[in-house]
Amino acid sequence: MTHALIGLGSNVGDRSAQLDNAIQRICGNPQVRWLAQSSYYQTIAVGGPGGQQAFLNAALRIDTSLAPEALLRWILQVEKGMGRERIVRWGPRCIDIDILLLGTRQIRTGPLEIPHPRMAFRPFVLEPAAEIAGDMIHCASGWTVAELLQHLRNAPNLLAVFGSPDRDICRLVGQAADACGARQLSDSFHE
């Protein structure tokens, strides 16, 4: 059996019921054993079209004897069985299920990428994950899930704008910095 960390989210319909249903379905496979699940965290939708309802996010810690590709197929089957349609990237969805970690394995084969490539930069993934799996190692960074979350909370927020340093871009960057109370840094090559 391999420890796995699964991320879940829903922002359509009865979000709590959708998460409950997904967890039940995932653990309904005889090759999956439930270990722990996080609380449900409400977060705003990130990316995708505007005007989406807030998400409920959660994490699920399991043991599984499924091979990585078989676990992915099972999760996709659960999503499809719950009515998930992939119409717009990062659009509204009744359920979104991602394999975040699978033991200490690193996998990059087509649609399967473990650790999840964006998990270390997403508080809505790390907060529920740290609640139940703070000790699991993100093998690409060597940090625990708890350490990733702590780093994300303490890291400065930065925005980089690349392009020709014409007057309009400089003015736009200055306005953005002023609007959010940030300090504007300049590229030393263009001063």
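## A tour from strand β4 to the helix pair

Select strand β1 (residues 2-10) together with β4: the two pair in the antiparallel sense over nine bridges. This is a predicted model. For one pair to zoom in on, pick G7, whose bridge partner in β4 is A59.

Next, add strand β2 (residues 32-37). β2 and β4 run antiparallel, joined by five bridges. Click Q37 and you will find L60 of β4 opposite.

Now bring in strand β3 (residues 41-43). Three bridges tie β3 to β4, again with the strands running antiparallel. Here Q42 stands opposite L56 in β4.

Stay with β4 itself, residues 55-64, and turn on its side chains. The strand is mostly covered, with ten of its ten residues buried. Colour its two faces separately. F55, N57, A59, R61 and D63 point one way. L56, A58, L60, I62 and T64 point the other way. Residues on both faces are buried, R61 and D63 included.

Leave the strands and select helix α1 (residues 15-26) and helix α2 (residues 68-81). Their axes come within 10 Å and cross at roughly 140 degrees. Angles over 145 degrees would count as roughly antiparallel, so α1 is oblique to α2. The crossing is right-handed.

Finally, show the residues that make this helix contact. From α1, select A22, R25 and I26. From α2, select W74, V78 and G81. Colour them by class: four are nonpolar, one is polar and one is charged.

Key: Residues are numbered from 1 along each chain as its sequence is written. This is a predicted model: local features need pLDDT of at least 70, side-chain atom pairs count only at pLDDT 80 or more; totals for chains, interfaces and linings use all residues. Side-chain values use heavy atoms; hydrogens and water are left out. Axes are lines fitted to C-alpha atoms, for helices over the stretch in contact, and angles run from 0 to 180 degrees between N-to-C directions. Helices (H or I, at least four residues) and strands (E, at least two) are DSSP runs, numbered from the N terminus. Angles under 35 degrees count as roughly parallel, over 145 as roughly antiparallel, 65 to 115 as roughly perpendicular and the rest as oblique. A crossing is left-handed if the near helix is turned anticlockwise from the far one by less than a right angle, and right-handed if clockwise. Contact means heavy atoms within 4.5 Å. Ala, Val, Leu, Ile, Met, Phe, Trp, Tyr, Cys and Pro count as nonpolar, Asp, Glu, Lys and Arg as charged, and the others, Gly among them, as polar. Buried means under 20% relative accessible area, exposed over 50%, partly exposed in between (1.4 Å probe, protein chains only). Two strands pair if DSSP finds at least two bridges between them.
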